[in-house]
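This report looks at charged pairs, aromatic rings and one loop serine in the structure shown below. It follows how side chains connect separate parts of the chain.

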Amino acid sequence: EHLAIIHAAWGGHPAHALRAEQSCVLRQVIWAGGEYHFLASGSEIRACLVGYVGGSLGLWAPVEINGLIMLEPTHGFEVQGEGESTIENALTRGCVAFNSPTRVKNCAFLNLIRVKKGAVIFNSCVLQEVIGDTPDITIQSCGLIRGVAEKATIGAGSFLFKPQFINPDVLDYRLGPQTVFSPGVTLKQAIGVRYTPEMLEVIQVALELRRAGIIKF
């Protein structure tokens, strides 16, 4: 809780990484660096921020996430193992993958989303592109930037659009007024990340560290 692990790319040590072989709870933690990060089954993430890393964050199901920001443009996270996970209020710039059942709500995944196996349900999310050969993909009330896998089930309220975010430089990825929706589309409920008070606190700390020259993103 309230911890920062800084990699060389952010001004710290290149060997620093985050690895938990037993279930743990991460709350308001900022970290970056290393080639491999993983959290054991039963872990929880609450209002955490991940900077530039050398590989995806491995999550062993079941995991519970409420508040996660991943700034790395290539590597996001991968969920694998047994049990159903829940992910809410997550923002990733890198690719994400699902290998086990997961419920996803109010997230913004701004790179490729690969569903390999397990029933995955997306609700009220901003999704770049969803691919996968499994028929167990359900998309409900989501904004789609590119498209989805052929076998996916598209529920009512989903649509194609071109999002414009308010201010990505300060990590404000709420939809801005310049967002372009498909003809006839009316947004009936908020989609994408809903920043919790704890998430906003972590973002402010990260911005202060950036202004001080301690980290960069």
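## Side-chain links across the chain

Phe181 counts as partly exposed, at 29% relative accessibility. The model is a predicted one, and the values given here are computed from it.

The ring of Phe181 is stacked with that of Phe161, because the two ring centres are 5.8 Å apart and the planes stand at 25°, which falls under the 30 degrees that counts as stacked. Phe161 belongs to strand 19 and Phe181 to strand 22 (residues 180–181), so this pair ties together parts that are 20 residues apart in sequence. Unlike Phe181, which is partly exposed, Phe161 is buried, at 4% relative accessibility.

The structure holds eight aromatic pairs. Another of them joins Phe77 and Phe98, whose ring centres lie 5.9 Å apart with the planes at 85°, so that this pair is edge-to-face. Phe77 sits in strand 9 and Phe98 in strand 11 (residues 95–98), and the pair therefore ties together parts separated by 21 residues in sequence. Phe77 is buried at 1% relative accessibility, and Phe98 is likewise buried, at 0%. These two rings also belong to one aromatic cluster, formed by Phe77, Phe98, Phe109 and Phe122.

Strand 9 carries a charged link as well. Eight salt bridges are found in a search of the whole structure, and in one of them the side chains of Glu78 and Lys116 meet at 3.3 Å, N to O. Glu78 lies in strand 9 (residues 75–81), whereas Lys116 lies in the loop between strand 13 (108–115) and strand 14 (120–123), so the pair ties together parts that are 38 residues apart in sequence. Three of the salt bridges are set out here.

| Salt bridge | Closest N to O distance | Relative accessible area |
|---|---|---|
| Glu78 and Lys116 | 3.3 Å | Lys116: 43% |
| Arg146 and Glu129 | 3.5 Å | Arg146: 56%; Glu129: 25% |
| Arg210 and Asp169 | 3.6 Å | Arg210: 21%; Asp169: 49% |

In the bridge between Arg146 and Glu129, the partners come from distant parts of the chain, with Arg146 in strand 17 (residues 143–147) and Glu129 in strand 15 (residues 126–131), 17 residues apart. Arg146 is exposed, while Glu129 is partly exposed.

Arg210 forms its salt bridge with Asp169, and this pair links helix 1 (residues 197–211), which holds Arg210, to the loop between strand 20 (165–167) and strand 21 (172–175), which holds Asp169, across 41 residues. Both ends are partly exposed, Arg210 with a relative accessible area of 21% and Asp169 with one of 49%. Elsewhere, salt bridges with shared partners join Glu44, Arg46 and Glu64 into one network.

The loop that holds Asp169 can also be described through its flanking strands. Strand 20 and strand 21 form a hairpin with four residues between them, and Leu171 in the turn has a positive phi of about 65°. The two strands pair in the antiparallel sense over two bridges, and Asn167 stands opposite Asp172 in strand 21.

A further loop, between strand 18 (153–154) and strand 19 (159–162), contains Ser158. The side chain of Ser158 reaches the backbone nitrogen of Ser141 at 3.1 Å, and it reaches the backbone nitrogen of Cys142 at 3.1 Å. Leaving aside residues up to four places away in sequence, Ser158 touches Ile139, Gln140, Ser141 and Cys142.

Methods: Residues numbered from 1 in each chain as written. Predicted model: local features only at pLDDT ≥ 70, side-chain atom pairs only at ≥ 80, totals over all residues. Heavy atoms only, no water. Salt bridge = Lys/Arg side-chain N within 4 Å of Asp/Glu carboxyl O. Buried < 20%, exposed > 50% of the residue type's maximum accessible area, 1.4 Å probe, protein only. Polar contact = N/O pair within 3.5 Å; in protein donor to acceptor, adjacent residues only side chain to side chain. Contact = heavy atoms within 4.5 Å. Pairing = 2+ DSSP bridges. Phe/Tyr/Trp six-rings, centres within 6.5 Å; stacked < 30°, edge-to-face > 60°.
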